[in-house]
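Student: I'd like to go through the salt bridges here and see how each label is earned. Could you take me through them?

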Amino acid sequence: MYRFLLARRWVGLILLVVAAAVVMAMLGRWQWHRHEHRDARNALTTSNLAAAPVPVTDVLRVSGPLPAASSFRKVTAAGRYDAAATLLVRRRSLGGRIGFYVLTPLRPTVGPAVLVNRGWVPSASSALAAPDVPPPTPGLVTVTGRARGSESAVNERGLPDGQVARMSTWKIARSLPYPVLDGYLDLMGQQPAAADVPRPLPPPEISAGPHLAYAVQWWLFAAAAVVGLGVLARQEAHDPGGRARRRLPAAPSREPDAAAGSRPGATG
């Protein structure tokens with residue numbers, strides 16, 4: 001009954017459907033791995049945010065990137081802000097608005113400084129104008145923040161003085177006369193308390209993302225392709241070549257009536 005599957009067109013169709021199903025199954029598996037990776041990262045972030053803070057030098061080093069396992073780890077640091085070295089990080093959004101992050105080095109009495117992202121301020125009237133930013137708290141302060149890894153460097157030619165596009169620690173450190181830890185802190189709290197401006201950044205959003213739904217969708221597409229091929233083959237087996245359609249009554253003939261010449265009034 002199913003010998004027709006050996007025909008060239010059916011072999012080609014089967015190979016096409018199988019190849020498409022395999023690709024869709026692999027895409028589903030890829031999305032599943034992304035879901036697992038994000039789930040593990042969310043669990044690690046939640047754990048780091050809930051842990052008691054540790055000294056910043058336990059997490060950040062002068063050389064060497066922040067380990068992935070220490071991302072968003074709560075740390076503490078004490079020192080004095082170097083207000084003159086404050087930088088504005090361009091095109092950073094908060095609550096749907098574009099503005100700047102305010103990045104200021106915190107210098108301890110002994111040891112390397114750490115860059116502190118003091119928070120966000122809205123953009124000024126024009127893209128090149130600098131917003132009004134209150135100076136950091138003077139004197140000795142103790143900060144608590146979330147450890148973040150250095151961002152990759154980009155070409156920053158043409159930017160106004162005091163503005164950068166990325167929080168690239170090694171690049172910023174080259175312009176400072178003292179050593180700087182590799183990474184930075186998102187300010188969470190400070191003693192004495194900091195001003196309301198800049199606005200401290202909210203904690204990272206913990207979301208599962210769309211990867212699980214995408215995985216299920218790809219697997220359903222793969223199953224639908226295989227099932228559809230089976231349905232098509234079954235229909236062909238029970239109705240080869242559309243035999244049922246050939247059994248429909250023939251349409252009335254439109255040929256001229258052979259006896260037309262014998263009708264009344266016909267002339268010979």
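Student: What makes Arg 92 and Glu 151 a salt bridge?

Tutor: Happy to start there! A salt bridge is a side-chain nitrogen of Lys or Arg within 4 Å of a carboxyl oxygen of Asp or Glu. The closest N and O atoms of Arg 92 and Glu 151 are 2.9 Å apart, so the pair fits that definition. The partners lie 59 residues apart, with Arg 92 in strand 3 and Glu 151 in the loop between strand 6 and strand 7; strands (E, at least two residues) are DSSP runs, numbered from the N terminus. A word on the source: this is a predicted model, where local features need pLDDT of at least 70 and side-chain atom pairs count only at pLDDT 80 or more, while totals for chains, interfaces and linings use all residues. Residues are numbered from 1 along each chain as its sequence is written, and side-chain values use heavy atoms, without hydrogens and water.

Student: Why is Glu 151 called buried?

Tutor: Its relative accessible area is 15%, and buried means under 20%, exposed over 50%, partly exposed in between (1.4 Å probe, protein chains only). Glu 151 therefore counts as buried.

Student: And what does Arg 166 count as, buried or partly exposed?

Tutor: Partly exposed, because its relative accessibility is 28%. Arg 166 also meets Glu 151 in a salt bridge, at 3.9 Å from N to O. Arg 92, Glu 151 and Arg 166 are thus linked in a network.

Student: How many salt bridges does the whole structure hold?

Tutor: The search finds four, including Arg 148 with Asp 186 at 2.9 Å.

Methods:
Helices (H or I, at least four residues) and strands (E, at least two) are DSSP runs, numbered from the N terminus.
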